[in-house]
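Welcome! Please take a moment with the sequence and the model, and then let us walk through the binding sites together.

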Amino acid sequence: MPEPRWDRLWTDVHLATMTDPSLGIVRNAAIAASDGRIAWVGPAADLPGPPDHLAAEVIHCAGAWLTPGFIDCHTHIVFGGDRTADFRRRLHGESYAEIARAGGGIMSTVRATRAASNEELTAGAAARATELSAWGVTTIEVKSGYGLDLDNEIRMLEVAAGLARHVPADISPTLLAAHTIPAGYTRRRADYVRLVVDEIIPAALKQGHATAIDVFCEDIAFTPDESRAILEAGIEAGLHGRLHADQLTDQGGGALAAAVGARSADHLEYLSEGGVHAMAEAEVYAVLLPGAAYTLGADRRPPVDTLRRAGVTMALATDANPGSSPITNVGMILNLGCILFGLTPEEALAGFTAAAARVLGQERDRGTLEPGLRADLALWRVDDLAELCYRMGASPLESLVKDGLPAT
Ligand code: NIG
Ligand code: FE
C-alpha cells in the first residue's frame, strides 16, 4: 500500500477536537490536511510513518494547543456610524429602551447605514472581522437589520457576503429585516410585516446570500404574533430560523422559537422555565450573548443551569454590534460567558465551536476536528485552553489556518 501523502501535517501539538463535553482532548497529537479538508487526526504515535514522508509540509508546533477555527454565530458587524452617544446617554441615566423609543438606538444606526456607501460599510465591517480573526474566528454569521427597507436590507446582505474577500473567514449572512419597526411604519406596523414577508424575504432568496431569517421579538420591536408570521414565512422558504428572544422582557420567545421550528433562540435573559423545556423538546439551540447583558447592565442572567439540566445545546457569540455589544474580543466574551453567566470553560469553548456550528446548520462541515471536515484551525500559545476564558489580555493566537492554508 502506498503511504498517504498529505498537503500539510501539524505535529508536536495538543488537540481540542471538541468531539465530547471535555473538549475531546488528544495530547501529543498530529493533524493533517489535504485539499482544504482534515485528512487525519490522532496521537502522533499512531502516525503511519515518519512525518516528513507523510506530507509535503510539516509544521512543528512546540507543544501549542490547536482548536477548530472559532465560529461567531451571532454578529451585526455591518453598520454605519457609531453609538458612543447612546453609551453616554445610558450612563447619564436613560435606558436602552428609552433611547430606542426616542429615535436613538437601532434607528440611529439605520440612518447612518442608509447614508453609507457599500465601500464605507465594507471597510468598517472588514476591520471588525479582522479583529475577530485575531481571536481565531474563521466563520462569521453576519446579520442585516440596519437597512429596514428593501434596497438597504439587500445591500447589507451583499456587503456581508463580500467580506469573505477581505478576511480569511466564511461568512454566513442572515436576513434581519425585522430588527425594529422603521420610522414611517410605527402607526402601520402590519404594512411593514407585509413588506418583509411579501417583498424582502423573496428578494433575499433571489439574491441567494442569506441562509437564515432572524427577528427581534421584544416590546420595543416585534410582537410574538408579528415575529411568528415573519419566521414562518422565512422558514417555509427554506431559511434557518433564528430569534432574538426574551432579552429585555419575557415575550415567550423561547416557546415561539420552538413552535415554529427555529434553530436557535438568542439572548434569553428572561427565558421562562416553560420556554427552556419547549426549546429542549424541539431541539432549539440557545445562543448566549453576555456582551449585550454586560454592556446594557442587564438585571437578569439566562437560566444557564436549567438549560444545562434540560440538555439544551448552548452556543456563545459576540453579538458584535454598535449599540449593545461593541465587542470583537472573543476572549472577553469567553470570560463573560464563564464569570457573568456561569458557563464552564469547556461549555464556553464548545459554544464558539461545535455548538455554534450546529446553530448555523454546519456541523458536518466545521466546529470539530474530524477527518472530512474543513481544515479551519486555530493554534494557541497557552498551557491550558481554559486560559482563553480566564486571562483578559491580548489574544494568544499563534496562527490561523483557513481551508488547510496558513492565513496569518
Ligand atoms: O442583538 N437586540 C437586538 N439587536 C442587537 C442590538 C442592536 C443594536 O442595539 O444596534 C442585539 O443586542
Ligand atoms: Fe443580536
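How far is an oxygen atom of ligand 1 from an N or O atom in the side chain of Ser324? In this predicted model, the two atoms are 2.5 Å apart.

## Ligand 1 and its surroundings

With the protein left out, ligand 1 exposes 320 Å², and the protein buries 100% of that area. The space that ligand 1 takes up is the largest cavity.

The shell around ligand 1 holds 4 nonpolar, 9 polar and 2 charged residues. Of the 15 residues around the ligand, those that come nearest are Arg83, Tyr96, Tyr146, His179 and Ser324.

Two further polar contacts are worth a look. Gln247 places a polar side-chain atom 2.8 Å from a nitrogen atom of ligand 1, and an N or O atom in the side chain of Asp319 lies 2.9 Å from an oxygen atom of the ligand.

## The iron site

Asp319 turns up again here: the iron ion (ligand 2) is coordinated by Asp319 (OD) together with His74 (NE2), His76 (NE2) and His244 (NE2), at 2.0 to 2.5 Å. Along the sequence, these donor residues follow the spacing H-x1-H-x167-H-x74-D.

His74 sits in the loop between strand E5 (70–72) and helix H2 (84–91), while Asp319 belongs to the loop between strand E12 (314–316) and helix H13 (330–339), so the pair ties together parts that lie 245 residues apart in sequence.

Note on methods:
Residues are numbered from 1 along each chain as its sequence is written. Chains are lettered from A and ligands numbered from 1 in the order in which they are written. This is a predicted model: local features need pLDDT of at least 70, side-chain atom pairs count only at pLDDT 80 or more; totals for chains, interfaces and linings use all residues. Side-chain values use heavy atoms; hydrogens and water are left out. A residue is near a molecule or strand if one of its heavy atoms lies within 4 Å of it. A polar contact is a pair of N or O atoms within 3.5 Å; within protein, one must be able to donate a hydrogen and the other to accept it, and residues adjacent in sequence count only if both atoms are side-chain atoms. Accessible areas come from the Shrake-Rupley method with a 1.4 Å probe; for residues, only the protein chains shown count as cover. On a 1 Å grid over the protein atoms alone, a cavity is a set of points where a 1.4 Å probe fits but cannot get out, and a pocket is an open set with protein on both sides within 12 Å along at least five of seven lines; lining residues have an atom within 4 Å of a point. A molecule sits in a cavity or pocket if more than half of its atoms lie within 2 Å of its grid points. Ala, Val, Leu, Ile, Met, Phe, Trp, Tyr, Cys and Pro count as nonpolar, Asp, Glu, Lys and Arg as charged, and the others, Gly among them, as polar. Donors are N, O and S atoms within 2.8 Å of the metal (3.2 Å for Na, K and Ca); water is not among the atoms, so sites may look incomplete. Helices (H or I, at least four residues) and strands (E, at least two) are DSSP runs, numbered from the N terminus.
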